[in-house]
Amino acid sequence: MAGRVPSLLVLLLVFPSSCLAFRSPLSVFKRFKETTRPFSNECLGTTRPVIPIDSTDFALDIRMPGVIPKQSDTYFCMSMRLPVDEEAFVIDFKPRASMDTVHHMLLFGCNMPSSTGSYWFCDEGTCTDKANILYAWARNAPPTRLPKGVGFRVGGETGSKYFVLQVHYGDISAFRDNHKDCSGVSLHLTRLPQPLIAGMYLMMSVDTVIPAGEKVVNSDISCHYKNYPMHVFAYRVHTHHLGKVVSGYRVRNGQWTLIGRQSPQLPQAFYPVEHPVDVSFGDLLAARCVFTGEGRTEATHIGGTSSDEMCNLYIMYYMEAKHAVSFMTCTQNVAPDTFRTIPPEANIPIPVKSDMVMMHEHHKETEYKDKIPLLQQPKREEEEVLDQGDFYSLLSKLLGEREDVVHVHKYNPTEKAESESDLVAEIANVVQKKDVGRSDAREGAEHERGNAILVRDRIHKFHRLVSTLRPPESRVSSLQQPLPGEGTWEPEHTGDFHMEEALDWPGVYLLPGQVSGVALDPKNNLVIFHRGDHVWDGNSFDSKFVYQQIGLGPIEEDTILVIDPNNAAVLQSSGKNLFYLPHGLSIDKDGNYWVTDVALHQVFKLDPNNKEGPILILGRSMQPGSDQNHFCQPTDVAVDPGTGAIYVSDGYCNSRIVQFSPSGEFITQWGEESSGSSPLPGQFTVPHSLALVPHLGQLCVADRENARIQCFKTDTKEFVREIKHSSFGRNVFAISYIPGLLFAVNGKPHFGDQEPVQGFVMNFSSGEIIDIFKPVRKHFDMPHDIVASEDGTVYIGDAHTNTVWKFTLTEKVEHRSVKKAGIEVQEIKDSEHKLETSSGRVLGRFRGKGSGGLNLGNFFASRKGYSRKGFDRLSTEGSDQEKEEDDGSESEEEYSAPLPAPAPSSS
């Protein structure tokens, strides 16, 4: 039988326009001919399926029109035409269903549904043309929120004209009272073009057989990816009762990167990937489902009925709009030998508590009791959150498996309502990390109800958790505060904001050469230092650090670009025929540019308004050295806005900081090469970036290969503190300071490391990480430099992707998260608190990376479905009710990946 499955699937893919050849002859009697969509009074549905939101946005309420399934495993479909002809984008989904009545729902997009009736049996098909899966829900999964700037494209010239909703009623004993069901999903759409288009990649097995009694059975799926880069941000797993764990990976150059791993017995939501994963042409996508055949007396096959099994991994991704593909599938295992090296975690079942599992035993006829249907009386928007069934079971994990929480029966609305006020208030307190007794919660229940609703509504904003979670680790090292009488007041910041990419900023598409430096001029314009057509690679230097490509001549294009911070227009350019391998860039309080060139081994001071050349040069051209007159691949410069003192980090082949007078006279130097695996204070392995803290009299250094930040007193050169976190990984590439906050970016992880490439925001006083962030468009590869502006904007330049990103700080939002039992909960709470800095404490106007003020202003089966017997089910999910990249040309510049030689990589 298993041999028939691939051939039948091929037929379905070849003839997507119809599945009539597989439908039952009796299906002609099953079609419903109603042409209107009256809603039952018992339903929660609305007679206004199209709800305007504002001039550009609207909502669609897509619901079953009051249906009563008559037998288990019934699949009903209904359609709704997109109410606009122009292109629109789905940016949010909200399920309107309970697992008390619905097993799962799928939402498709297509141009012509299989029926024009108000609803029909899905055996007849979903669409007459290709159907793209937009959304899926099962097991009381929470709402799915797409990242900002991402949407499913519908309408217009190429998008779907119809939505088709498929609802699977697995066990119909809840309909013994003949109540009518209006389950469905509400969509939020916008007419505003989205820069990133969402899509679904479905990995599913079609030929797995689970022998009866077999303890462990693996089902493996793998395909080579052959399309434009996609960026994975969420995943969902699906099996029936026998599935224990489903894991998905990207395999690149033999390295396995986790996309997602989850128990299919937990609520089947789209969970956010722990770290965003990019998939490029040539990568291998691999998935494994682990089953058990214990308790079965016959072999179990893949299919859509309650006695069958499924192995599905749904990968939600986004792509740049011009290359977007809305739906892709993988149903083969093209690389079975690769699974010999699959991470051991993929073979370990995830324990699931009984109250976390979707249960149907309460529907058995012997236990059936008359009860009020959950979907009966119209409810206010805020109350519908309470109909999430397993919502309370999920949150009981956060409350420590307390019996008084678990006993709130998710299927008994009356009992649930009696405990609602206390529980909701307590949940709010837990999420806010408060410790308030139940009596206090009861007394203030009414007062807190508005806030509690806000808490509940924010509980599962999964797609923002990765970038807003406060890292759990505490800082490592000595974080010393100024002693009484020493230093100056430093503002305290505790993370009442979050960094987000400015998705409307077009500068990400500038694509200059390798971006080595970014800074801000006195007018707050962004200045970029790039390498044009020159690349730092393994042929650039010999073993003595002498540049080997002099014959190429200097870069013939302007290497310094002044960029409008609002529209990314190039306002001014300079630096033609001056540099060979640009590296660091800073701008002093007078607007002078300070740059380093690692090929020339020199430091230059440039007046942007003077076309006659540098006004100061330090070092000897093309001569590496370590004395007072030479540098060896210097990396960065910082100029004290008060004294004019010049500090140079030197560099790749020297391990020192050199100080010069404002006129360029050598003053002093400090630092030495690191020794051993535990470097001492003042030891460096590639001091790569500098940040002055003028009002505290400190200079901080990104000690790149030691993955730490060291700070020193500028007057005595005395070591003050070290900031080091495990989440930095093995590198800290660049840092930037504004009063109270220190920003940083790390580098690519070594093979086998888990720390991703990302940006960090730290409380400067404590060294604590208060936010981490990544871009939405493209991805960090080698973020080489970072600069923070006075208005809280941050720019990051990447030397491998030749890209500059703009990020903004969102204020008046407090992000708090709790992670327990594998469930992440986030609260976003309005706050009137503003981060303030005293202008009197902001010394000078140094904008390079030193100081400044702070003014803070946030699929499924599009194919015809299958079953083991006749492929007559349309869904890729049956009932689990038991009858009982980039271009790849990477330079060696700055690359910190594992190299056999101990010498640091170039950049």
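**View 1. Glu 87 and Arg 153, a partly exposed pair.** Glu 87 has a relative accessible area of 30%, which makes this residue partly exposed. In this predicted model, the side chain of Glu 87 meets that of Arg 153 in a salt bridge, with 3.8 Å from N to O. The two residues come from distant parts of the chain, 66 residues apart. Glu 87 sits in the loop between strand 3 (74–81) and strand 4 (88–96), while Arg 153 belongs to strand 9 (residues 150–154). Is Arg 153 buried or exposed? Neither label fits, because its relative accessible area is 26%, and Arg 153 is therefore partly exposed.

**View 2. Asp 703 and Arg 708, a buried pair.** Here the closest N and O atoms of the salt bridge between Asp 703 and Arg 708 are 2.9 Å apart. Asp 703 is buried, with a relative accessible area of 0%. Arg 708 counts as buried too, because its relative accessibility is 2% and the cut-off for buried is under 20%.

**View 3. Lys 713 and Glu 718, partners in a salt bridge.** The N to O distance for these two side chains is 3.7 Å. How accessible is each partner? Glu 718 is partly exposed at 43% relative accessibility, and Lys 713 is partly exposed at 26%.

**View 4. A salt-bridge network of four residues.** Take a moment for Arg 250, Arg 252, Asp 278 and Asp 283, which are linked in a network of salt bridges. As background, side chains of opposite charge can pair when their charged atoms come close. Across the model, the count comes to 15 salt bridges.

**View 5. An open antiparallel sheet of 4 strands.** Follow the strands in the order 14-19-16-17 and you have crossed the open sheet, in which the pairing is antiparallel. Why does one side of strand 14 and of strand 17 lack a neighbour in the sheet? Strand 14 (217–224) and strand 17 (255–262) stand at the edges with a single partner strand each, so one side of each is left without a neighbour. On average, neighbouring strands of the sheet are turned by 20 degrees against each other, direction ignored. Strand 14 pairs with strand 19 (residues 284–291) over 8 bridges in the antiparallel sense. One of the residues to look for is His 224, whose bridge partner in strand 19 is Leu 284.

**View 6. The whole protein, for orientation.** Zooming out, the secondary structure comes to 8 helices and 50 strands. Of the 907 residues, 61% are buried. The protein exposes about 35,000 Å², and carbon and sulfur atoms supply 50% of that area.

How values were computed
Residues numbered from 1 in each chain as written. Predicted model: local features only at pLDDT ≥ 70, side-chain atom pairs only at ≥ 80, totals over all residues. Heavy atoms only, no water. Pairing = 2+ DSSP bridges. Axes fitted to C-alpha atoms, helices over the stretch in contact; angles between N-to-C directions. Buried < 20%, exposed > 50% of the residue type's maximum accessible area, 1.4 Å probe, protein only. Areas by Shrake-Rupley, 256 points an atom, 1.4 Å probe, with all protein chains shown as cover.
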